[in-house]
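Q: Could you walk me through how to read the features of this model, beginning with its metals?

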Amino acid sequence: MISIKSAREIELMVIAGKIVFETHQHLKKLIKPGISLVELDSEAERFILSKGAKPSFKGYDGFPNATCISVNEEVVHGIPSNRKLKLGDIVSIDIGADYKGYHGDSAWTYAVGNIDDEKKYLLEHTKKALYEGIKQVKPGNRIGDIGYAVENYANNHNLGIVRELCGHGVGNKLHEDPDVPNYGNKHTGPILKEGMVIAIEPMLNLGSDDIVIEDNDWTITTLDQRPSAHFEHTVLVTKDGYRILTGE
Ligand code: MG
Ligand code: MG
């Protein structure tokens, strides 16, 4: 069942989303060669707690950390380790915050110093694919319109699409109905209504679509070991369009 949020629920989700956005802005300043993933993770946790929220991911299905941090060929669900970032890496940080029982969820892929042109291309166009999806959000449009827009954009830019994972509804649970796939057909799927909140999150690859799950049962990497990017916003369906809750 797809929930429609009350005005009070939306108020809490606006705050949760803002905390996620601010956590990203805080971490962004710390990303540089030599910093370890656990340092970024503990800084995120400290920051989220300082805002009166809790990290949504910690303990979710047993996930051990506050954030998911995935480097280069890692797509999503990377477990923060002592690995240190290197010049030329790309790093995807996925952050969730639970404010008084309501969640915000946003991922962003960052460059560590100067990166090569292929990685720049991947970041630029995965981010644009996210906004192509977001542009479809308005009452009366359907989930398939979002997936179609993301898929079409990715295909036009020759990027692989991770289809095994998708976006989702967000509310008093981190993952709610509906699924929001990064592919689809126009005019299909659940109809968007004012008061719904969804996370749209394209995961696109420089190489093929194919992924593998690593031995830790969490981290997902590309089969061909080529880089992958992940951009995600939590978005509210408004009366005549959308509002991004995890942005400025
Ligand atoms: Mg996320
Ligand atoms: Mg998500």
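A: Gladly! For metals, donors are N, O and S atoms within 2.8 Å of the metal, and since water is not among the atoms, sites may look incomplete. Keep in mind that this is a predicted model. Here the magnesium ion (ligand 2) and the magnesium ion (ligand 1) are 3.1 Å apart, and aspartate 105 coordinates both.

Q: Which protein donors does the magnesium ion (ligand 2) have?
A: Asp105 (OD), His168 (NE2), Glu201 (OE) and Glu232 (OE) are its protein donors, at 2.1 to 2.3 Å. Along the chain, the donors of this ion follow the spacing D-x62-H-x32-E-x30-E. Histidine 168 belongs to strand E7, while glutamate 201 is in the loop between strand E9 (197-200) and E10, so the pair ties together parts that are 33 residues apart in sequence.

Q: Are histidine 168 and glutamate 201 buried or exposed?
A: The general idea is a cut-off: buried means under 20% relative accessible area. Both histidine 168 and glutamate 201 are buried.

Q: And what are the protein donors of the magnesium ion (ligand 1)?
A: Asp94 (OD), listed twice, Asp105 (OD) and Glu232 (OE) lie 2.0 to 2.5 Å from the magnesium ion (ligand 1). The spacing of its donor residues in sequence reads D-x10-D-x126-E. Distant parts of the chain are linked here: aspartate 94 sits in strand E4 (residues 90-99) and glutamate 232 in the loop between strand E13 (228-230) and strand E14 (233-237), 138 residues apart. Aspartate 94 counts as buried because its relative accessibility is 9%, and glutamate 232 is buried with a relative accessible area of 0%.

Q: I tend to think about coordination geometry in terms of angles. What are the ideal values at a metal?
A: As a general reference, four tetrahedral donors ideally give 109.5 degrees, and six octahedral ones give 90 or 180 degrees.

Q: Let's turn to the strands. How do E7 and E8 pair?
A: Strand E7 (residues 167-169) pairs with strand E8 (residues 176-180) in the antiparallel sense, over three bridges. Together E7 and E8 form a hairpin, with six residues between them. To find the register, look at glycine 169, which stands opposite glutamate 176 in E8.

Q: What is the strand order in the open sheet of three strands?
A: The order is E6-E10-E13, with antiparallel pairing. Strand E6 (160-161) and E13 are at the edges, each with a single partner strand, so one side of each has no neighbour in the sheet. Strand E10 (residues 203-205) pairs with E13 over three bridges, and leucine 204 is opposite alanine 229 in E13.

Q: Now for helices. How is a packed pair described?
A: In general, two packed helices are described by the angle between their axes and the distance between the axes. In this model, helix H3 (residues 117-134) and helix H4 (residues 143-156) pack at about 155 degrees, with their axes 8 Å apart. Therefore H3 is roughly antiparallel to H4. The contact involves His125, Lys128, Ala129, Glu132 and Gly133 of H3, together with Ile146, Ala149, Val150 and Tyr153 of H4. As for handedness, H3 passes H4 in a right-handed crossing.

Q: One last residue: where is phenylalanine 21, and which residues does it touch?
A: Phenylalanine 21 is in helix H1 (residues 7-30), and it counts as buried because its relative accessibility is 18%. Leaving out residues up to four places away in sequence, phenylalanine 21 touches Thr246, Gly247 and Glu248. The C-alpha atoms of phenylalanine 21 and aspartate 105 are separated by 9.0 Å, with the two residues 84 apart along the chain.

Note on methods:
Residues numbered from 1 in each chain as written. Chains lettered and ligands numbered in written order. Predicted model: local features only at pLDDT ≥ 70, side-chain atom pairs only at ≥ 80, totals over all residues. Heavy atoms only, no water. Donors = N, O, S within 2.8 Å, 3.2 Å for Na, K, Ca; no water. Helix = DSSP H or I, 4+ residues; strand = E, 2+ residues; numbered from the N terminus. Buried < 20%, exposed > 50% of the residue type's maximum accessible area, 1.4 Å probe, protein only. Pairing = 2+ DSSP bridges. Axes fitted to C-alpha atoms, helices over the stretch in contact; angles between N-to-C directions. Parallel < 35°, antiparallel > 145°, perpendicular 65-115°, else oblique. Left-handed = near helix turned anticlockwise from the far one by under 90°. Contact = heavy atoms within 4.5 Å.
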